[in-house]
Structure formats: structure tokens, C-alpha cells
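Here are some notes to read with the model open. Take the points in order, and find each residue on screen before moving on.

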Amino acid sequence: MSLTDRCNLRCNYCMPAEGLDWLPTEETLTDDEVIRLITIGVRDLGITEVRFTGGEPLLRRGLADIVAATHALGVETSLTTNALGLAITAPALAQAGLDRLNASLDTIDPETFAAITRRDRFHDVIAGLEAARAAGLAPLKLNAVLLRGVNDDQAAELLGWAIDHGFDLRFIEQMPLDAQHRWNREEMVTADEIFERLSQAFTLTPHDAPRGSAPAELFDVDGGPATVGIIASVTRPFCGDCDRVRLTADGQIRNCLFAREESDLRALLRSGADDAAIAERWVAAMWGKRAGHGIDDETFLQPDRPMSAIGG
Ligand code: SAM
Ligand code: SF4
């Protein structure tokens, strides 16, 4: 569930430095509308975990109330965040019943951080992570994207740091979802390269547990118990096992991260439709899910919405 398309960072694999139009406020779902759709998804359609994302979900004023209402439905709640502001909000989120948290961190070098995110906020992110831990939001997962010539030589350093600090790190292959449409298949750092780079400093062995629908391939680091995940979204897609549905901040169902069609639940909601009609439209949207995202096909077309407006 994406709660906003706005963000206080400008990671260059996600957003342009400036010039991205925001969703108009009147098109954004209200807190009550978000909670109603989540309730339908959980109660009528069997959703068992709700992850809040964005843009930056911590920028959504009603976040703690939305988390509390979702928690009350008896499902797992989680958050994907850049951790800016967590130093203030972590206790309230834990109190609201947030179960898990994924934070994005691509480097532990403040200068590289500023180069990637275009904001000099590295130390605020670290403070946010520590506050999340102090609030009991564990285990904390970190997501990292490697960019060639920027931070791809820092993969092992980042993993060592994550292990020392008790964070579960996962590397994500860079995907064609940037608002600028600059992604280039030849330039992206592949899962195999990530594995090789990490293997120069650590011994990685496949983790002995079923992967299920989780996107990350997990490896034990130096015999465990520490692990590292590699998400090969582009080079080894896991579409066949994907059981996710995405809801944008303006109430559109996307049955895939790379979908080019959306189903408008907001219009239905605001036309006075009852829960059964909304559930029916939602199910119909899921039947349209394609077998795979096809990034490696010549006919692949990047979706119009960038990652920040879809919800990663
Ligand atoms: N702002 C929050 C954050 O950064 O965690 C939540 C939204 S962000 C879009 C969710 C995740 O998508 C982040 O982990 C980010 O690294 C990842 N992401 C963004 N653009 C990406 C891209 N082009 N390829 C791969 N991952 C990307
Ligand atoms: Fe913002 Fe997350 Fe995109 Fe970075 S990855 S610009 S933190 S939405």
C-alpha cells in the first residue's frame, strides 16, 4: 500500500532531482478510504500481510493511525522507509502495532549517500535506524541498490557493517522504474556480480530454508547465522511465485510492479459502491495478472508511473 508519492530524498535510481509532479491532494485516498480498502482486502480477499510504502510513507501524517487500524484486523504490518524521521516516529509506530520494518541504505559512506540521494542526510538515517531498534522494531531489514561506478565497490563493506550492527541486508537489482527512464540493462549491476563482489570478502552458501514467495535468494555468510539476500528481479525473475498486489496512494490496483494497466478502486469507492462491488473489481484486476514482467523482452515497455508513485 503506497501512502504517498512524495519523498524527502531523491535517490537517482528512483526520482529526478526536480520536476516530478505530485498527485493532487483530492486524488489521494483519505485515511478512512485507505483503511476501508485494506479492510476489504483482508476480510474479503484473504490478504495476510500489509506493507506500507511510498514515496516515503513516514511523510503521511495519519501513518500511525492507519497502522493501528490494520493491526486491529489481525494481519502482519510492515513498513518500507528511508528511515528519515524514524528517530521521532519509531515509538508511536511500534505502539500502533507495526511488526516489521525495511529501510533503504545503499552505502555507509556519507558522501556516497549524498551523491545517490542528492541529500546530505546520512546521519539522520542512521539515527532513525537506531531509534527503530530501540523501539523494538526488529528484525530490521536493509535494502540496497548498487550503481556501477558509484557504490558497487562498497557491497562487502556495507554487508560487514550490517552484520556488525545486527541488520539483515538484501541487495536489489536496479529495475527500470526510475522517473527519468535512464535505466540501462548493460549498466545495471547483476545479481551474479553482486554475489561475486561479496564472495571476495565472505563465503556465501545457499541458506537452507524454503524461499516460498519471498523475492530474495538468501545466503549464509561465513557459515551463518548472518545471512544476506540478493533480489534478482531482472536477471532471475520470480514472477511465478509472486503473490503480491499493489495499491497506489490514489487508489489504483496494480497487479504487478511493471503493470501498464491499473484498476481504479478510488472512483468506485467514491461513487458509493458497496464492499462486495469493490472486492469484485479487485479480484477481476488480479485475474489480469500477466505471467511475467518481461523486462528482458525486446517488447518491454517501462510503466508510466515511476517507482516512487507505485510503491516499491
Ligand atoms: N522511500 C522508501 C524507501 O526508499 O525505502 C519506500 C519507497 S522506495 C520506492 C522502496 C524501495 O524501492 C527502496 O528499497 C528502493 O531502494 C527501491 N527502489 C527504488 N527505485 C528502484 C529501482 N529503480 N530499482 C530497484 N529498486 C528500487
Ligand atoms: Fe525516496 Fe525511497 Fe525513491 Fe529514495 S527510493 S527517492 S527514499 S521513494
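1. In what order do the three strands of the open sheet lie? The order is β9-β10-β11, and the pairing is antiparallel. Bear in mind throughout that this is a predicted model.

2. Stay with that sheet and look at its edges. They are β9 (246-247) and β11 (263-264), each of which pairs on one side only. Strand β10 covers residues 252-254. Two bridges link β10 and β11 in the antiparallel sense. To find the match on screen, start from Q252: opposite this residue, in β11, stands D264.

3. Next comes β4, residues 140-145. Is this strand mostly covered or mostly open? Mostly covered: five of its six residues are buried. Strand β3 (residues 100-104) pairs with β4 over four bridges, in the parallel sense. One match to look for is A103, whose bridge partner in β4 is L142.

4. β4 also pairs with strand β5, residues 168-172. Here there are five bridges, and the sense is again parallel. V145 has I172 as its bridge partner in β5. Compare this with the antiparallel pairing of β10 and β11.

5. Move on to β7, residues 217-221. Four of its five residues are buried, so the strand is mostly covered. Strand β6 (residues 204-206) runs antiparallel to β7, and three bridges join the two. T205 is a good place to start, with D220 as its bridge partner in β7.

6. β7 has another partner to check: strand β8, residues 227-231. These two run antiparallel and are joined by four bridges. F219 has V228 as its bridge partner in β8. β7 and β8 form a hairpin, with five residues between them. Which residue in the turn has a positive phi? It is D222, at about 50 degrees.

7. Now the aromatic rings. How many aromatic pairs does a search of the whole structure find? It finds three. One of them is W161 with F167, a stacked pair. The ring centres are 5.5 Å apart, and the planes make an angle of 25 degrees. Planes under 30 degrees apart count as stacked, which is why this pair gets that label.

8. Are these two ring residues buried or exposed? W161 has 15% relative accessibility, so it counts as buried. F167 is buried too, because its value is 3%. The cut-off for buried is under 20%.

9. Turn to the open spaces. The second largest pocket holds about 410 Å³. It is lined by 15 residues, and the closest to its centre are L3, T4, T25, T28 and R60. What is the make-up of this lining by class? It has five nonpolar, five polar and five charged residues.

10. T4 deserves its own point. It sits in the segment before α1 (31-45). Its relative accessibility is 10%, so T4 counts as buried. Follow the chain on to L58, which is 54 residues away from T4 in sequence. In space, the two are 9.1 Å apart, C-alpha to C-alpha.

11. Next, the cavity. The structure holds one of 30 Å³ or more. The largest cavity has about 40 Å³ of space. Which residues line it? They are L9, C11, Y13, N82, S104, L105, D106, F113 and T117. By class, the lining has five nonpolar residues, three polar and one charged.

12. Look at ligand 2. Around it are C7, L9, C11, C14, M15, G55 and N82. This shell has five nonpolar residues, two polar and no charged. L9, C11 and N82 belong to the shell, and L9, C11 and N82 are also among the residues lining the largest cavity.

13. Finish with P303. It lies in the loop between α9 (275-287) and α10 (307-310). Is P303 buried or exposed? It is buried, because its relative accessible area is 1%. P303 and N82 are 221 residues apart in sequence. Their C-alpha atoms are 23 Å apart in space.

Note on methods
Residues numbered from 1 in each chain as written. Chains lettered and ligands numbered in written order. Predicted model: local features only at pLDDT ≥ 70, side-chain atom pairs only at ≥ 80, totals over all residues. Heavy atoms only, no water. 1 Å grid on protein atoms, 1.4 Å probe; cavity = no way out; pocket = protein on both sides within 12 Å on 5 of 7 lines; lining within 4 Å. Points joined across faces, edges and corners; volume = space filled by probe spheres on them. Nonpolar A, V, L, I, M, F, W, Y, C, P; charged D, E, K, R; others polar. Near = heavy atom within 4 Å. Buried < 20%, exposed > 50% of the residue type's maximum accessible area, 1.4 Å probe, protein only. Pairing = 2+ DSSP bridges. Phe/Tyr/Trp six-rings, centres within 6.5 Å; stacked < 30°, edge-to-face > 60°.
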